[in-house]
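Please open the structure in your viewer and keep the sequence beside it, since this tour moves from one selection to the next.

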Amino acid sequence: MKTLLVALLLLTAAACSPVRVESTTQAPGVDFSAYKTYNFMDVTARNEAAFAGGAVGIEELKQAVGRELERRGYQRADSPDVWVNIGVVTEEKVQTRETNIQFDGPRYIGQRRYRWEKQNIPVGTYQEGTATVDIVDAARNTQVWQGVAASTLSKDPEKLAARIDEGIATMFEKYPVPPRQ
């Protein structure tokens, strides 16, 4: 019973974990104020298999990125100054817990030189998603900015959309152009 309680607490903690911005990088010497328009590259350009199911949240990602760019004065256009390339990777991870001698102590102590060692034991699985947003200068065809964020994925579409909005907003806090007031 205690093992089940610990497993539930760990899964709950994983579901509530915040979005992590893994990294943001920008090309040196780029004048981001010169860019006024944006558009999205074809989502199949990077990893077609990742989008086959349609449940990854790519539309939510595009909406969130578009919102952040428009907050910074960019307008969507057919012939943009910058292209936005979005990549998504999902991975199934194993949730573990560390054994504790108080609750997981030895059942049999008949051996000589017995010593108890802590171990990580699996208690469940969860999905983790990583989104990469590349901003590419359309004229030079070079990447000028990249942001990478990761988080656990929710099966609830509303929670997933909220997590995507939170992650993209956090990622764009490090974008070189601040939001307009």
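Two strands are said to pair if DSSP finds at least two bridges between them. Keep in mind throughout that this is a predicted model.

Begin by selecting strand 6, residues 142-152. Of its 11 residues, 8 are buried, so strand 6 is largely enclosed by the rest of the structure.

Next, add strand 1, residues 20-26, which pairs with strand 6 in the antiparallel sense over 6 bridges. To see one place where these strands face each other, select T24, which stands opposite G147 in strand 6.

Now add strand 5, residues 120-137, which also pairs with strand 6 in the antiparallel sense, here over 10 bridges. Within this pairing, select G129 and look across to S151, its bridge partner in strand 6. Following the chain from strand 5 to strand 6, you will find a hairpin with 4 residues between the two strands, and N141 in the turn has a positive phi of about 55°.

Then leave the strands and select helix 3, residues 58-71, together with helix 4, residues 157-172. What angle do helix 3 and helix 4 make where they pack? The angle is about 35°, and their axes lie 9 Å apart, while helix 3 passes helix 4 in a right-handed crossing. To display the contact, select E60, L61, A64, V65, R67, E68 and L69 of helix 3, and A161, I164, D165, I168, A169 and F172 of helix 4. If you colour the residues of this contact by class, they divide into 9 nonpolar and 4 charged, with no polar ones.

Note on methods. Residues numbered from 1 in each chain as written. Predicted model: local features only at pLDDT ≥ 70, side-chain atom pairs only at ≥ 80, totals over all residues. Heavy atoms only, no water. Axes fitted to C-alpha atoms, helices over the stretch in contact; angles between N-to-C directions. Left-handed = near helix turned anticlockwise from the far one by under 90°. Contact = heavy atoms within 4.5 Å. Nonpolar A, V, L, I, M, F, W, Y, C, P; charged D, E, K, R; others polar. Buried < 20%, exposed > 50% of the residue type's maximum accessible area, 1.4 Å probe, protein only.
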